[in-house]
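Colleague: I should be grateful for a close look at a single part of this model, namely one pair of packed helices. Please set out how the two are arranged and what makes the contact, and then add what is relevant from the surroundings.

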Amino acid sequence: MKIRTRFAPSPTGYMHIGNLRTALYEYLIAKSQNGDFILRIEDTDQKRYVEGATDIIYATLKRVGMNWDEGPDVGGNYGPYVQSERKSIYAEYAHKLVELGGAHYCFCSQSEADEQKDEEQNIKFQDPCKLIPLEEAKKRVAAGEPYVIRQTINKTGTSVFKDVVYGEIEIDYDELDEGVLLKSDGFPTYNFANVVDDHLMQISHVVRGNEYISSTPKYNLIYEDFGWTPPVYVHVPPVMKDAQHKLSKRNGDASFQDLVAKGYLPEAILNYIALLGWNPGTEQEIFSLDELKQVFSMERLNKSPAIFDIAKLTWMNGCYIRALSPQDFHKAALPYYEKAFTHPLNLEFLSTVLQPRVETLADIVTQTDFLEKLPDYDVALFQNKKMKTDETVAKNSLEKVLPIISAVDEWSNEALFAALKQLAETEGLKNGQVLYPVRIALSGKETTPGGATELAVILGKEETVSRIKQALAKLG
RNA sequence: GGUCCCAUCGUCUAAUGGUUAGGACAUCACCCUUUCACGGUGGUAAUAUGGGUUCGAGUCCCGUUGGGAUCACCA
């Protein structure tokens, strides 16, 4: 049988990390076996619908390279792929389930159900409507009385099902409540739409958060009543923000889009989240999506929650940045340059200096702030024990550096470095006693991306000379 | 509260019942060096707890503790 998995998000606004990871596992389960990956939009809750949310879903999946074989935009043989367009299908099956004895019409108002719960806490809802004879209930429905369709659970004993990651799960039938399948607005609940769609779309593997474990027996009952075969269940643990809290946008935790905006590469994000709850069994950690397809196996999925560690993602992002070709890094950095610089700089060279030094693209901003405008630094910066420099040494060095660099005709790192090294030698100074003051003069910062001569190359001759003169003025 | 689930370094994790409990991030030290990075070498650091089963338990069983989930006309 062909493997078919689906990613079934509800369009509520953003793509959070846990969602994306679920999509990734669904994608990998299918694609590691030459199966189909289907995109289905679950918009049965009219109240929660957010305009534009489906576009975010499309854009995110495309951006990370997870292409779907069937979906609202590309079509397929099992459509439509948006649940609100399948409303009549659910109604048809819901009424059919009533005929089969797996559900019943319920005329209780919501408050009636709530009241019963308040009075008898911990007791599941005993629906009086269950006792209404079907013929009578049908008459009331036909007469236009508002109703919902509720699942009927008469089974007793223990339900057992197998889950790929959690193994055998046992839950007593009397723990299950008779939930609403078809709402009074005619829309199905998740509990029902999911089962119907997964069956109709021939989904072979259902991947979802482990919060659904306890309601899975209810779904199995529906499959059973219809005479359908349940899918393979793959319940995955949540991605956590810390030991007690799930990662969620409501807490202000980063979504995929937020991370990209912070300078993380989509490929790195995807690689990192693949490893949150799964491992290949080898010590390899860097994987492209194609490589993941080769090595993924759902049997290696983990059952305990994993805390999202931004520090490790940052490290991994650094690996991806360093692995970029110089051209690609430059291209990625360009937008940041354009926002920050108004003066001409040697940007190509800046990129080569920056690439091994940034872990996220956003680091570019903080590392290059001094290029646009020399900060008003303290002359005490010229003191450095290790370099054996102070204001006096700096002044002396800079005075000698000025004519030399003014005379340099090839403005390259190699030529500048050779010239300054030569100067140190003839003056009987240590390299640092010449280079350190120059670097401070050019940057006004204690730490910089690249050394003195690299900064000079980036700034260009005119600005370099100007900044050294400014330093000399400061030094009196 | 009932029920279900989970538990290895700070974090992500590895370990057919037999390893000095391995790797990665972070952290610390050293090396490299034109500051800082990159890179390299090394260090600190874990089987929650109490019983059992076994020649032998991180691994199997029971209890305890801790944590999470669920008990919606949300998904």
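Modeller: In this predicted model, helices H16 and H20 run roughly antiparallel to each other, because their axes cross at roughly 155° and an angle over 145 degrees counts as roughly antiparallel. H16 spans residues 391-407 and H20 residues 461-474, and the two axes come within 10 Å. The handedness of this crossing is left-handed.

From H16, the contact is made by Lys395, Leu398, Glu399, Val401, Leu402, Ile405 and Ser406. H20 contributes Thr464, Val465, Ile468, Ala471 and Leu472. By character, the residues of this contact comprise 8 nonpolar, 2 polar and 2 charged.

As to the surroundings, the surface near RNA strand B involves 66 residues, of which Lys183, Tyr190, Ser304, Ala306 and Gly451 come nearest. Several elements each supply at least two residues of that surface, among them helix H17 (413-427), helix H18 (431-443) and helix H19 (452-459). Helix H4 (110-119), strand E6 (167-172), strand E11 (306-307) and helix H11 (310-323) likewise each provide at least two. The residues of the RNA surface divide into 20 nonpolar, 24 polar and 22 charged.

Regarding confidence, the average pLDDT of chain A is 92, and 97% of the residues score at least 70. For the complex, the predictor gives an ipTM of 0.95 and a pTM of 0.94.

Key
Residues are numbered from 1 along each chain as its sequence is written. Chains are lettered from A and ligands numbered from 1 in the order in which they are written. This is a predicted model: local features need pLDDT of at least 70, side-chain atom pairs count only at pLDDT 80 or more; totals for chains, interfaces and linings use all residues. Axes are lines fitted to C-alpha atoms, for helices over the stretch in contact, and angles run from 0 to 180 degrees between N-to-C directions. Helices (H or I, at least four residues) and strands (E, at least two) are DSSP runs, numbered from the N terminus. Angles under 35 degrees count as roughly parallel, over 145 as roughly antiparallel, 65 to 115 as roughly perpendicular and the rest as oblique. A crossing is left-handed if the near helix is turned anticlockwise from the far one by less than a right angle, and right-handed if clockwise. Two residues are in contact if their C-beta atoms, placed from the backbone, lie within 7 Å. Ala, Val, Leu, Ile, Met, Phe, Trp, Tyr, Cys and Pro count as nonpolar, Asp, Glu, Lys and Arg as charged, and the others, Gly among them, as polar. A residue is near a molecule or strand if its C-beta atom, placed from the backbone, lies within 6 Å of it. pLDDT is the predictor's confidence in each residue, from 0 to 100.
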